[in-house]
Amino acid sequence: MASSSGLRPEGSSSSAPHHTSQNSIVQIIPNHIVPLNLRLDRNNFFYWRSQVLSTVRAHQLEGFINGDRPRPPATITDPTDATRSLPNPDLADWMRLDQFLLSWLFNSISEGMLGHVARCASAAELWEVLRQLFSNTSRARVLQLRGLLQTTKKGSTPIDEYILKMRCLGDALMAAGHSISDDELILYILGGLGNEYDSAIVNLTSKETVTFQEVQFLLQTQELRIEQMNSIAAYSSCGSSLIILQNLG
C-alpha cells in the first residue's frame, strides 16, 4: 500500500507555507460603472459626492478612495526564504482597479475643476484634494447663503416665485454641506413677508406642527385674498370717482 507521502511530488511538504494573493481585489473589479449624470463643478460638490459614494459602495470600491484599502507594498518576503523578496502580485491588481476608478472620477469632473486634480496619481489622492478644496470654500458659501436667506424679501414678487427662490437658496445651502430643516426654511420665508401676510403668519406660527406644503398653500390663499381685496378697493375707488364726476357735471 502506498504511503501518503507518495501522493506528493518529491521534495514537497504539505506544511510548506505559500503566498495567497488577495483574490478579493480581482473579484470586485466591475465590468463597468455607469458614468454619473452630474459632473462636479464649484457649486455641487456635496451632491456629486453623494452620487460618487453611492456608486463606489455598490461596487465595494469605497476603500480605494477613503484609504481603507491602501496601496500594497511592491515586494513581499519569499515564504520559502526569508532573506529574499518577491514582487507582490497584489500590487498589479490594486493598481489596475485604482487607475480604473481614478479614470472614472476624472470623467465625472467638469473641465473647470480638472486643473485642481490633474496631477493626482490615485483615487484616494484625488478624493482628498477635493475634500480639502471644498471644505475651505464651503464655509464662505454657507455664510453667503445664510445671509441671503435672512435678507431676501418677497416685495412685489408673486408668492410662488418667492417661495421657489427661498427653496433654491435652501437647496444650495444643502449642496454646500450644511443641512437646513423645513422648519428653518419656513421661518426664513415668513420673515421675508410684508405686513399684509400678518394674519397668515399668526395662523401658521400658532400651529404646533406645519408642513412645507401647508405653508405654501396658506400663503397662496392669502395672496389670492389680498388680490381680491385690492381689486375691490380699486373698484370702489373707481366708482366713487365716477359719482364725483357725475355730481360735478
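A residue counts as buried when its relative accessible area is under 20%. The exercises below use a predicted model.

**Exercise 1. Overall layout**

Task: State how many helices and strands the chain has, and give their order.

Solution.
- Step 1. Count the elements: there are 10 helices and two strands.
- Step 2. Read along the sequence. The pattern is α-α-α-β-β-α-α-α-α-α-α-α.
- Step 3. Add burial. The chain has 249 residues, and 31% of them count as buried.
- Step 4. Add contacts. Take those in the chain with a separation of 6 or more; residues 24 or more positions apart account for 60% of them.

**Exercise 2. The strand pair**

Task: Work out in which sense β1 and β2 pair, and which residues stand opposite each other.

Solution.
- Step 1. Place the strands. β1 covers residues 75-78 and β2 covers residues 81-87.
- Step 2. Find the sense. The two pair antiparallel, over four bridges.
- Step 3. Match the residues. T75 stands opposite P87 in β2, and D78 stands opposite D81 in β2.
- Step 4. Look at the connection. Two residues lie between β1 and β2, and the strands form a hairpin.
- Step 5. Check burial. β2 has seven residues and the number buried is zero, so β2 lies largely in the open.

**Exercise 3. A charge without a salt bridge**

Task: Explain why E223 has no salt bridge to K154.

Solution.
- Step 1. Locate the residue. E223 sits in helix α10, residues 212-248.
- Step 2. Note its setting. E223 is buried.
- Step 3. Find the nearest side chain of opposite charge. That is K154, 4.4 Å away.
- Step 4. Apply the cut-off. A salt bridge needs a side-chain nitrogen of Lys or Arg within 4 Å of a carboxyl oxygen of Asp or Glu. At 4.4 Å, K154 does not meet this limit, so E223 has no salt bridge.
- Step 5. List the contacts. Leaving aside neighbours within four places in sequence, E223 is in contact with K154, P158, I159 and Y197.

**Exercise 4. Backbone sign at Q60**

Task: Say what is unusual about the phi of Q60, and whether Q60 is buried or exposed.

Solution.
- Step 1. Recall the general rule. Most residues other than glycine have a negative phi.
- Step 2. Compare. Q60 is not a glycine, yet its phi is positive, about 60 degrees.
- Step 3. Locate the residue. Q60 lies in the loop between α2 and α3 (63-66).
- Step 4. Classify it. The relative accessible area of Q60 is 56%, which means exposed.

**Exercise 5. L145 in its surroundings**

Task: Decide whether L145 is buried or exposed, and name the residues that it touches.

Solution.
- Step 1. Locate the residue. L145 is found in helix α6.
- Step 2. Classify it. Relative accessibility is 1%, so L145 counts as buried.
- Step 3. List its contacts. Not counting residues up to four places away in sequence, L145 touches L169, A172 and L173.
- Step 4. Take one distance. L145 and A176 are 31 residues apart along the chain, and their C-alpha atoms are separated by 9.2 Å.

**Exercise 6. The largest pocket**

Task: Give the volume of the largest pocket and identify the helix that gives the most to its lining.

Solution.
- Step 1. Take the volume: about 210 Å³.
- Step 2. Take the lining. It has 15 residues; R42, N43, F134, T137 and R141 lie nearest the centre.
- Step 3. Assign elements. Those giving two or more residues are α2 (45-58), α6 (123-151) and α7 (159-175).
- Step 4. Rank them. α6 gives the most, with six residues.

Conventions: Residues numbered from 1 in each chain as written. Predicted model: local features only at pLDDT ≥ 70, side-chain atom pairs only at ≥ 80, totals over all residues. Heavy atoms only, no water. Buried < 20%, exposed > 50% of the residue type's maximum accessible area, 1.4 Å probe, protein only. Lys, Arg positive; Asp, Glu negative; His and termini not counted. Contact = heavy atoms within 4.5 Å. Pairing = 2+ DSSP bridges. 1 Å grid on protein atoms, 1.4 Å probe; cavity = no way out; pocket = protein on both sides within 12 Å on 5 of 7 lines; lining within 4 Å. Points joined across faces, edges and corners; volume = space filled by probe spheres on them.
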